[in-house]
Amino acid sequence: MMLGSVLNPINSTIISVALVPIGRALGAPASQTAWLVSALYLATSLGQPVVGRLIDIFGPRRLFLLSTGLVGVAGVVGTLAPNVGVLIAARVLLGFGTCAGYPAAMALLRSEAKRTGRDSPGGVLTALAVANQTIAVVGPLLGGLLIAAGGWRATFALNVPLSVAAVLLGLWRLPKSAGTGEAPQRGRLAAQLDLLGMGLFAAMLISLLLFLMNLHLRDCYPLAIAAAAGTAFAARELRAATPFIDLRVLGGNTPLLATYGRALVAYVVAYAFLYGFSQWTEEGYGLTPFRAGLAQIPMFLVAIGVSLVSGRRKSLRGKLLLGAAGQIVACLVILTLTGKSPLWMLLLVALIFGVPQGLNNLALQNSVYFQADPERTASSAGLLRTFAYIGSMIASSATAASFGQRADTGGMHRLAWVMLGAGVFYLLLTVFDRTLGRAATTDAQAAK
């Protein structure tokens with residue numbers, strides 16, 4: 001479960017220190033290399049809930065093996081890519097290939113709880129969160145090491161051995177049947193999958209993300225398409241016998257909807273920092289990719305420590321409030337940085353960001369596990385990632401708009417204001433969410 005779930009964050013974060021070397025090697029500006037980030041999130045945002053729904057019906061084994069095998073194919077394509085266009089295609093393949101890991105892990109946890117009668121997965125959820133946090137934060141450092149050893153292509157080649165290991169472990173250890181409820185019925189497969197609903201969801205999401213990747217009023221037609229597709233999607237799902245996303249149940253689950261909203265704004269801050277700050281430390285501050293990765297080591301250490309200490313604590317509100325405060329403080333410190341700031345200030349920013357990095361993902365993941373319909377655990381977990389990736393797309397768009405051709409200090413400050421606004425909104429969503437108390441009570445009762 002841990003290896004499969006980290007395939008996505010490792011590819012999400014390792015690229016952060018490779019964007020500048022790729023741009024230099026292939027003659028592409030920052031506005032073009034930003035598509036290497038956007039492509040993965042576009043594919044993953046669409047694929048996570050779709051694959052999650054398939055896992056809910058069929059169990060995780062087959063979907064996990066197919067998806068992780070695709071990761072290896074994408075690694076080969078990226079390693080041999082002659083231009084940015086092929087690299088973007090490889091990132092799309094990586095996005096679809098890494099879709100199954102996290103929903104499969106959540107579905108396995110739920111199925112084991114049902115099998116054993118013990119719905120107290122606090123330790124496993126913490127381990128899962130720590131694994132993802134470790135990879136997410138150590139990714140830039142690993143990327144710097146790989147670039148120093150074999151160039152930026154090594155960051156794509158890494159996927160080949162990881163894919164082989166994941167497939168072999170999946171064949172060896174994953175149970176052949178571990179669905180979370182509905183068994184596939186012959187003759188009704190298309191109805192169970194709700195292919196029309198999936199298609200409308202895809203049209204809505206792709207149009208929305210294309211609009212976010214190119215924020216100009218003169219090019220607002222993708223937003224209109226997204227609105228039309230969204231209306232058709234809602235009408236379809238409200239009438240479907242077995243909807244892809246049950247809007248009737250989801251609409252009545254206020255705690256889960258609030259969790260999705262918090263995930264979106266939290267990841268705007270997290271990924272704007274990950275990509276924007278990393279690019280600025282290289283181009284605006286002058287660090288090498290390896291040293292840029294080293295500068296984020298404090299965040300890695302703090303995030304792991306915070307996740308381990310807070311993992312078994314029942315309070316969701318406390319974790320979310322502290323995570324919001326950490327984001328706001330870090331953004332304020334970024335606004336004071338210049339190209340001549342002492343190195344210890346960069347390390348201080350990474351140190352502060354380690355607190356929300358360790359708290360927010362853990363709290364959001366635990367919220368979904370206990371708030372979601374047990375029969376749709378995997379698809380609900382996939383939707384959490386979808387909202388997170390929409391946040392990352394907003395962050396990517398904001399990063400491209402703030403930097404333009406070069407990641408200078410002025411652009412970093414403009415991006416920091418966007419991050420600060422999102423951090424304040426995240427804080428307000430948490431302060432005024434009255435459902436968190438009930439969520440925490442459910443969490444505590446389930447853990448007994």
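Within the largest nonpolar core of this predicted model, which comprises 123 residues, the members that touch the most others are Phe277, Ile334, Phe353 and Met419. Helix α14, spanning residues 254–283, contributes the largest share of this core, with 15 residues. The surroundings of Phe277 illustrate how the core is joined: beyond its neighbours within four places in sequence, Phe277 is in contact with Ala272, Ile334, Leu337, Leu346, Val349 and Met412. Of these partners, Ile334 is itself among the residues that touch the most other core members.

The chain as a whole may now be considered. Its secondary structure consists of 21 helices and 0 strands. Of its 448 residues, 58% are buried. Contacts between residues at least 6 apart in sequence are, in 85% of cases, contacts between residues at least 24 apart. Towards the outside, the chain exposes about 17200 Å², and 68% of this area is supplied by carbon and sulfur atoms.

Helix α12 shows how burial and exposure are distributed on a single element. This helix covers residues 221–239, 19 residues in total, and its first and last C-alpha atoms lie 28 Å apart, close to the 27 Å expected at 1.5 Å a residue. Its buried residues are Pro222, Ala226, Ala229, Gly230, Phe233 and Glu237. Viewed down the axis of α12, these buried residues fall within an arc of 110°, and therefore they line one face of the helix. The face turned away from that buried side carries Tyr221, Ala224, Thr231 and Arg239, which are exposed.

Conventions:
Residues are numbered from 1 along each chain as its sequence is written. This is a predicted model: local features need pLDDT of at least 70, side-chain atom pairs count only at pLDDT 80 or more; totals for chains, interfaces and linings use all residues. Side-chain values use heavy atoms; hydrogens and water are left out. Helices (H or I, at least four residues) and strands (E, at least two) are DSSP runs, numbered from the N terminus. Buried means under 20% relative accessible area, exposed over 50%, partly exposed in between (1.4 Å probe, protein chains only). Contact means heavy atoms within 4.5 Å. Accessible areas come from the Shrake-Rupley method with a 1.4 Å probe; for residues, only the protein chains shown count as cover. A nonpolar core is a set of buried Ala, Val, Leu, Ile, Met, Phe, Trp, Tyr and Cys residues joined through side-chain atoms within 4.5 Å. The expected span of a helix is 1.5 Å times one less than its number of residues. The arc is that of the directions from the helix axis to the C-beta atoms.
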